[in-house]
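Thanks for coming, everyone. Let me put today's structure on the screen and walk you through it.

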Amino acid sequence: MAKIAAERISALAGHYTPGKSGELGADGSAGVILRDMQGLVLHQAAGWADSMDRVGAAIAKAVRVETAPGPGRAVTGERGSLLRIEPMKWWLVGVASPKISPNHGAVLDLSHSRTRIRVSGAQATVFLNRFLPLDLRERSFPVDSVASSAIHHVGVTLWRSGDGYDLFVPRGFALFVWEGLVDVARQFGLEIV
């Protein structure tokens, strides 16, 4: 009997229309660009205190990087990205986690539990500081930094990738957070792609 895969639908599906709005620049440019990054593949891998090196090596191999990142950092390889979200936990983005022995750690598929929203544009940093109590300036939060924070009491994980800021929001609160982002982004000039 063939397995039937469930079709994943974004928590934001049907709740936005691509286009520009708000206070656009004289040239029609938007200062903030929001994108629903659909098709999220997200796995959490955790190691036990005495097996962190072993788990780190296994997940680094899965994304094809030399070493797993330290706390608050991320790294991207040929197959995906690794985010160190806590001292003993990583998120694998874009790739499934390798099998890890229960003696060494644990793996959890979080793909259906989060919505990934990308925030980019010339005003993305200033815009996000309207929501997050983090110093997002380049010298304090450079590319490949990762932090846990909250937007209106909703826990989020923020990753500054080379493409902008990626917000990982619990699926059940994604629309609430999205609507707040859209509302505030209009003052910077908003483009939804």
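Let's begin with the open space. The largest pocket has a volume of about 190 Å³. One caution before I go on: this is a predicted model.

Which residues lie nearest the centre of that pocket? They are Ile 9, Ser 10, Gln 38, Gly 39 and Leu 40, out of 16 lining residues. Among the contributors to the lining, strand β8, residues 114-120, gives the most, with 3 residues. The lining is mixed in class: 5 nonpolar, 6 polar and 5 charged residues.

Now the interior. In soluble globular proteins, nonpolar side chains tend to be buried together. Here, the largest nonpolar core has 31 residues. Five of them touch the most other members: Leu 34, Val 119, Phe 127, Leu 128 and Leu 167.

Where does this core come from? Each of these elements supplies at least two residues: β2 (32-36), β8, α2 (124-128), β9 (145-151), β10 (154-161), β11 (164-170), α3 (174-185) and β12 (190-192). Helix α3 gives the most, with 7 residues.

Take Leu 34 and leave aside its neighbours within four places in sequence. Leu 34 is then in contact with Arg 118, Val 119 and Phe 127. Its contacts also include Trp 178, Leu 181 and Val 182. Further along the chain, Leu 34 touches Leu 190, Glu 191, Ile 192 and Val 193.

There is also a second, separate core. This one has 13 residues, including Val 55, Ile 59, Trp 90 and Val 95.

Back to the strands, and to β10. How many of its 8 residues are buried? The count is 7, so to speak a mostly covered strand by the under 20% cut-off.

Strand β10 has β9 as one partner: the two pair antiparallel over 7 bridges. Look at Ser 145, which stands opposite Arg 160 in β10. The two strands form a hairpin, with 2 residues between them.

Strand β10 also pairs with β11. These two run antiparallel as well, joined by 5 bridges. Leu 158 has Leu 167 in β11 as its bridge partner. A hairpin makes this connection too, through 2 residues. Remember Leu 167: it was one of the core residues that touch the most other members.

Next, backbone angles. Most residues other than glycine have a negative phi. Two residues here deserve a look.

The first stop is His 152. Its phi is positive, about 50 degrees, although it is not a glycine. His 152 lies in the loop between β9 and β10. Is His 152 buried or exposed? It counts as exposed, because its relative accessibility is 51% and the cut-off is over 50%.

The next stop is Arg 64. Phi is positive here too, near 65 degrees. Arg 64 is found in the loop between α1 (52-63) and β4 (74-76). Its relative accessibility is 44%, so Arg 64 counts as partly exposed.

Last, Pro 18. Where is Pro 18 placed? It is in the segment before β1 (19-21). Pro 18 has a relative accessible area of 56%, so it is exposed. Pro 18 and Leu 34 are 16 residues apart along the chain. Their C-alpha atoms are separated by 9.3 Å.

To recap: a pocket lined by 16 residues, a core of 31 residues, and a second core of 13. Thank you.

Terms used: Residues are numbered from 1 along each chain as its sequence is written. This is a predicted model: local features need pLDDT of at least 70, side-chain atom pairs count only at pLDDT 80 or more; totals for chains, interfaces and linings use all residues. Side-chain values use heavy atoms; hydrogens and water are left out. On a 1 Å grid over the protein atoms alone, a cavity is a set of points where a 1.4 Å probe fits but cannot get out, and a pocket is an open set with protein on both sides within 12 Å along at least five of seven lines; lining residues have an atom within 4 Å of a point. Grid points are joined across faces, edges and corners, and a volume is the space filled by probe spheres set on the points. Helices (H or I, at least four residues) and strands (E, at least two) are DSSP runs, numbered from the N terminus. Ala, Val, Leu, Ile, Met, Phe, Trp, Tyr, Cys and Pro count as nonpolar, Asp, Glu, Lys and Arg as charged, and the others, Gly among them, as polar. A nonpolar core is a set of buried Ala, Val, Leu, Ile, Met, Phe, Trp, Tyr and Cys residues joined through side-chain atoms within 4.5 Å. Buried means under 20% relative accessible area, exposed over 50%, partly exposed in between (1.4 Å probe, protein chains only). Contact means heavy atoms within 4.5 Å. Two strands pair if DSSP finds at least two bridges between them.
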